[in-house]
Structures are given as C-alpha cells and as structure tokens.
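Hi,

Here is the structure I promised to pass on. Have a look at it first, and then read my notes below.

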Amino acid sequence: MTDKIKRIYIPMTETGFYILFCLQEETHGYGITQKVKKLTDNQVIITAGTMYGSLSKMEKDGLIYFVREEEKRKIYYITELGREILQLEIDRIKRLYRNIGGI
Amino acid sequence: MNREIKKEIKFFLLPDYEKEEEYLTDMHKSGWKLKNIQWGGVYTFEKCQPENVVYRLDFAEDKDKDMQYYIAMFDEYGWKYIQDVNGYSYFRKRTNGLAEEDTEIFSDSESRLAMIKSIINKKLIPIWIIFFGILIPNFIKVITHSFDDIPFHTVLTVIYILLFVWCSYTLIHCRMEFLKLKKKYTKK
C-alpha cells in the first residue's frame, strides 16, 4: 500500500468509513445512503453531492471499482487496497474503543 | 397557452455560488421558476405558483464522462437537474416536509471543502495563469510605451489600464471570497 493513500484516508471521515464499509457488498450510491441511515438510526445521512464526490474519489484512488450498471445506477465493490485501508481503520477504532474503557 | 417569461441579467463570480443558489430559490419562492441560463448570465424564468423549493449548485470535476449516472444519482435523492453552466450543475428540489439535511447536497464539511478545492484548481488557477502570462507582460509593455507608435495609443492605453485594474480587482476578490468560504467550512 502506498503511504500517500494511507495518509489521505486514515483517519477516515465518518462518511468515508461507512461508504467503504457498505461496499463489502456490491451496492450503488443511494443504496449506501439507505443502509447507513438504518445502521446509525438516522444519525448519519449521506447526501447526493457528498456521495458522488466520495465514490469518484475512492474509485480514482483504487479503493473501490465500478462493477456494472443496473438501471442507470453504478454498482461498486471494494478492492483489495480498499479492504486494507478499511482494516487499518477498524483496528484504529478498536484501539480507541479499548483505550476509553470499552471491551 | 404560453407561460409568462421574464429575463434577468446577473453576474455571479466563481465563489458566489451560494449567493446564486439563494437568488434562484428566492425567485422561485416568489413565483418565478428558472427555465434556463444563457451566455453565462442571462436568466430566463417562467411564471409559476410560488413553491417551497431550494436550488443547489454542484461542481463535480469528474462527472463529464458519466453525466447520465451523475444526473440519475441526484434524481434518486430527489434533485431535478436543470443544466450545466461553466462547470457548475444546477439542481432544484421541493422542500415541503423535508428535513433540513435533505435540502443540502453536501452532508459534511470535507466534501464542501473538496468542491471549493476543485473550483480553484479547475477554474481559478487557469485564469491566474492567463493573467500572469498575458495581461501582466502586456501591462508592462503599455506602461513602458512600447506601443506608442500604434494609432490611438492613448485611448488604447486607457482602455487597457481600466481592463487591467478590473481584472486584478476581480481576481483578488475571488481569492478573498474563496478564503472566506474555506474558513466557514473548516472546523475550528
């Protein structure tokens, strides 16, 4: 993994984290917004401009790739590099959680 | 029956997109719906029932290659695409009964800042390059009298100096306004 990608993405924004997390399954932008709403009890809302910008940036940086088109929607999926970044971030959040007295 | 049409001429500079959103929203709320924008500054409105809507401008630098997906994605979130002007995409949405966050196209400050950065890189920096590469060298020639043998040189010199001052002012104004926007969306 290049250090540059690591520097850009870690720590991740909440938006970035949830997008990458959801793309462990093949999904499109609006589907991610819906799923994140459910996961966070409507606390995290990702809007159209933020979603489009995040997906194109992650695709350009090789964290996700365009799988296929489905009813005018682009379906994306996480790449190996994306998984590595996601794992680093999960480890970081777990460490944070341990250090504040979680289990 | 033809709808009543109204045209207004307005100029918004690169960093003034939030003012433009506000202008279009206010027009629509008072019964004038944006039909199109021509020549970058001629706004055509058609008469409509006053509605609670909101207009938003997006600047997505990579959208050209997949415009249809871009428009379709915004459509799913309830945004109607109107048109593109100078790299900006214009959208509108009815706001009756919507939560505050559904009236925005950006949900975090990182993406707002990313948009400001692309406008600066794709639009403002090229203009600065033209300014430094063409206008300044010519300005030096003008004030060092290199063009004195051209007919009407006094008139041309005055026109050129006015143009130069106006360009400098506009560029500095844009720079300041972008700094203000950045500050607004950068967390303290």
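I'll start with a single residue in chain B. C48(B) sits in the loop that links β3 (42–47) to β4 (53–58) of chain B. Is C48(B) buried or exposed? Neither, quite: C48(B) has 16 other C-beta atoms within 10 Å, so it comes out as partly exposed. Leaving aside residues up to four places away in sequence, C48(B) touches G31(B) and K33(B). You can also look at L34(B), which is 14 residues away from C48(B) along the chain, with 9.8 Å between the two C-alpha atoms. Keep in mind throughout that this is a predicted model.

Another loop residue in chain B is E104(B), which lies between β6 and α3 of that chain. E104(B) has 17 C-beta neighbours inside 10 Å, and therefore counts as partly exposed too. Its C-alpha atom is 10.0 Å from that of W79(B), and the two residues are 25 apart along the chain.

Now for where the two chains meet. On the chain B side 21 residues are in contact, and on the chain A side 17. Which helices of chain B each supply at least two residues to the side that touches chain A? They are α2 (67–76) and α3 (109–143). The biggest share comes from α2(B), with seven residues. Sorted by class, the side of chain B that touches chain A holds 11 nonpolar, seven charged and three polar residues.

It's worth zooming in on α2(B). Y70(B), M73(B) and F74(B) are buried in this helix. Why do the buried residues of α2(B) line one face of the helix? Looking down the axis of α2(B), you find them within an arc of 95 degrees, and so they line one face. What do they pack against? The buried residues of α2(B) meet elements from both chains: α3 (29–39) and α4 (48–60) of chain A, plus β5 (80–85) and β6 (88–94) of chain B. After α2(B) comes G78(B), which has a positive phi, near 95 degrees.

Over in chain A, I looked at how α2(A) packs with two other helices. As background, a pair of packed helices is described by the angle between their axes and the distance between the axes.

The first pair is α2 (residues 14–22) and α5 (residues 80–99) of chain A, whose axes come within 10 Å and cross at roughly 125 degrees. That angle makes α2(A) oblique to α5(A), and their crossing is left-handed. From α2(A), the contact uses F17(A), L20(A) and F21(A), while α5(A) brings G82(A), I85(A), L86(A) and E89(A). By class, this contact of α2(A) with α5(A) has five nonpolar residues, one polar and one charged.

The other pair is α2(A) with α3(A), where the axes are 10 Å apart and the angle is about 105 degrees. That puts α2(A) roughly perpendicular to α3(A). Here Y18(A), I19(A) and C22(A) of α2(A) meet I32(A), K35(A) and V36(A) of α3(A). The class split for α2(A) with α3(A) is five nonpolar, one charged and no polar residues.

If you'd like a place to begin, try α2(B), the helix that gives the most to the side of chain B touching chain A.

Cheers

Conventions:
Residues are numbered from 1 along each chain as its sequence is written. Chains are lettered from A and ligands numbered from 1 in the order in which they are written. This is a predicted model: local features need pLDDT of at least 70, side-chain atom pairs count only at pLDDT 80 or more; totals for chains, interfaces and linings use all residues. Two residues are in contact if their C-beta atoms, placed from the backbone, lie within 7 Å. Helices (H or I, at least four residues) and strands (E, at least two) are DSSP runs, numbered from the N terminus. Ala, Val, Leu, Ile, Met, Phe, Trp, Tyr, Cys and Pro count as nonpolar, Asp, Glu, Lys and Arg as charged, and the others, Gly among them, as polar. A residue is buried if 20 or more other C-beta atoms lie within 10 Å of its own, exposed if 12 or fewer, and partly exposed in between; C-beta atoms are placed from the backbone. The arc is that of the directions from the helix axis to the C-beta atoms. Axes are lines fitted to C-alpha atoms, for helices over the stretch in contact, and angles run from 0 to 180 degrees between N-to-C directions. Angles under 35 degrees count as roughly parallel, over 145 as roughly antiparallel, 65 to 115 as roughly perpendicular and the rest as oblique. A crossing is left-handed if the near helix is turned anticlockwise from the far one by less than a right angle, and right-handed if clockwise.
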